[in-house]
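The following exercises concern the structure shown below. Please attempt each task before reading its solution.

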Amino acid sequence: MSINYQDLTLALQIYTVVLCLIGLFGNANLIIATCRHKTLRTKMGCLIMISTIAHTICLLSELICVKLKLRFTQTHRDECFRSVVVYMFAVLFQSTLFLMMAIDLFLAVIMPIRHKLWRRGPYLFVLCIPPLLFSCFALFIEEIYINHDDLLICTVTLAAPPTVRFWGTLVTFSTIFLAVTLIFITAFKVHANERESARRILRHSNSITSNTKCSDAKLLKSLSTLMFVFICSWSLSILLSHVSLYFTKSIAYEIQKYNILLSLPTFCQNFFVTGLRSPRYAKAYAEQLSFLPFDLLGFQDSPTSRTVSSNFEDGGGQLPGQLPTLDQYRRSKMEEKFRFPGCPSRMHQLEPTGMKDFEYSFKGAV
């Protein structure tokens, strides 16, 4: 049975256009929601929005590539480089920005009070400098080593000379390794903080309480999900592009042509990950998309936007007619135990000062 490459080409183009449109829809909603809601404009929220802007540029550039049929047209490397230079800049910027997001979370856990006091504007500017410098430097090096070699197809990876591509792959995986290492260190620190907090509470009371998940744990899970998708899609795509150099030219071109199947999900993930993992984003999306005749991804009726959002934003309250959660019930019993007639609740005496500052520093995070 022979393979119809014309049908495969058409299917690849349809897949690219559909996924780009879905990604643009989600990215636009995330950017609008961040601009509209002050609670989403935290340091990490702004970093996610900046990453989403870079992803939007990548999706628009991919649509232009489909329009010009660059992935199926023979050209020269210097011409291909000029056609995808903006695409390449956005790709390099977003890949390095993941490391900056891991650094931000690491600093927020290690030094929560100081992280909270840092001004958001200058802080974000400092974090965006390394990805910006790296992207400009990489494009400058590629411009120096660019040649006029013939290319059967034009992609972002093939536009770079082979030597520059090798070092680019090495730098990309180095940043991924550093980001994953920081996430593991942060997770260990969060777990240690939770155990210390529970130990202090048990020291003041014989009753065992179950604290609600702190904002740092939610933020860690969201960033870990983003990093997981990033590794499984974009990083695997880069690795496959590098491996293709060791095959014959015809096989290498086929691998490069269909490599977009792996890299595109990276540029579409932020909207879905934040909507499914963060109650604040889910609530904002449900409000923005209320005009739709259907509930996109179940944002409006999901437990995340119903129960968790109430606890996370209103300090433990619940919606009318809704049964209290187990954590709310246990906390109310503890308040009754430590409340005297005519006196306010003494629950604050059970909460270590450091833990309250720690939770305050993350209030409004993802």
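The exercises proceed from the whole chain to pairs of helices and then to single residues. The model is predicted.

**Exercise 1. Overall composition**

State how many helices and strands the protein has, and what share of its residues is buried.

Solution. Begin with the secondary structure: the protein contains 16 helices and two strands. Next, consider burial: of the 366 residues, 46% are buried. Finally, turn to the contacts with a separation of 6 or more: 78% of them join residues 24 or more positions apart.

**Exercise 2. The largest nonpolar core**

Determine how many residues form the largest nonpolar core and which of them have the most contacts inside it.

Solution. The largest nonpolar core comprises 68 residues. Those with the most contacts inside this core are Leu59, Val84, Tyr87, Met88, Met101, Leu264 and Phe267. Helix H4 (residues 85-110) supplies the largest share of the core, namely 15 residues. Now take Phe267 as an example. When residues up to four places away in sequence are not counted, Phe267 touches Asn27, His55, Cys58, Leu59, Tyr87, Val91, Gln94 and Trp234.

**Exercise 3. Helices H2 and H6**

Classify the orientation of H2 relative to H6, and identify the residues that make the contact.

Solution. Step one is the geometry: helix H2 (residues 43-68) packs against helix H6 (residues 120-145) at an angle of about 45°, and their axes are 10 Å apart. Step two is the classification: angles under 35 degrees count as roughly parallel, and 65 to 115 as roughly perpendicular. H2 and H6 are therefore oblique to each other. The crossing of H2 past H6 is right-handed. Step three is the contact: H2 contributes Lys43, Cys46, Leu47 and Ile50, while H6 contributes Arg120, Tyr123, Leu124, Leu127 and Cys128. By class, the residues in the contact of H2 with H6 are seven nonpolar, no polar and two charged.

**Exercise 4. Helices H12 and H13**

Carry out the corresponding analysis for H12 and H13.

Solution. The axes of helix H12 (residues 269-277) and helix H13 (residues 279-288) cross at roughly 110° and come within 5 Å. Since angles from 65 to 115 degrees count as roughly perpendicular, H12 and H13 are roughly perpendicular to each other. On the side of H12, the contact involves Phe271, Thr274, Gly275 and Arg277; on the side of H13, it involves Pro279, Tyr281, Ala282 and Tyr285. The contact of H12 with H13 has five nonpolar residues, two polar ones and one charged one.

**Exercise 5. Three single residues**

Decide whether Ser263, Val190 and Lys69 are buried, partly exposed or exposed.

Solution. The cut-offs are as follows: buried means under 20% relative accessible area, exposed means over 50%, and partly exposed lies in between.

- Ser263 is located in helix H11 (residues 260-263). Ser263 has a relative accessible area of 5%, so it is buried. Apart from neighbours within four places in sequence, Ser263 is in contact with Ser233, Trp234 and Ser237.
- Val190 belongs to helix H8 (residues 162-204). Its relative accessible area is 4%, so Val190 is buried. The C-alpha atoms of Val190 and Phe106 are separated by 9.8 Å, although these residues are 84 residues apart along the chain.
- Lys69 is found in the loop between H2 and strand E1 (75-76). With a relative accessible area of 47%, Lys69 is partly exposed. Lys69 also has a positive phi of about 55°, although it is not a glycine.

Key:
Residues numbered from 1 in each chain as written. Predicted model: local features only at pLDDT ≥ 70, side-chain atom pairs only at ≥ 80, totals over all residues. Heavy atoms only, no water. Axes fitted to C-alpha atoms, helices over the stretch in contact; angles between N-to-C directions. Helix = DSSP H or I, 4+ residues; strand = E, 2+ residues; numbered from the N terminus. Parallel < 35°, antiparallel > 145°, perpendicular 65-115°, else oblique. Left-handed = near helix turned anticlockwise from the far one by under 90°. Contact = heavy atoms within 4.5 Å. Nonpolar A, V, L, I, M, F, W, Y, C, P; charged D, E, K, R; others polar. Core = buried A, V, L, I, M, F, W, Y, C linked by side-chain atoms within 4.5 Å. Buried < 20%, exposed > 50% of the residue type's maximum accessible area, 1.4 Å probe, protein only.
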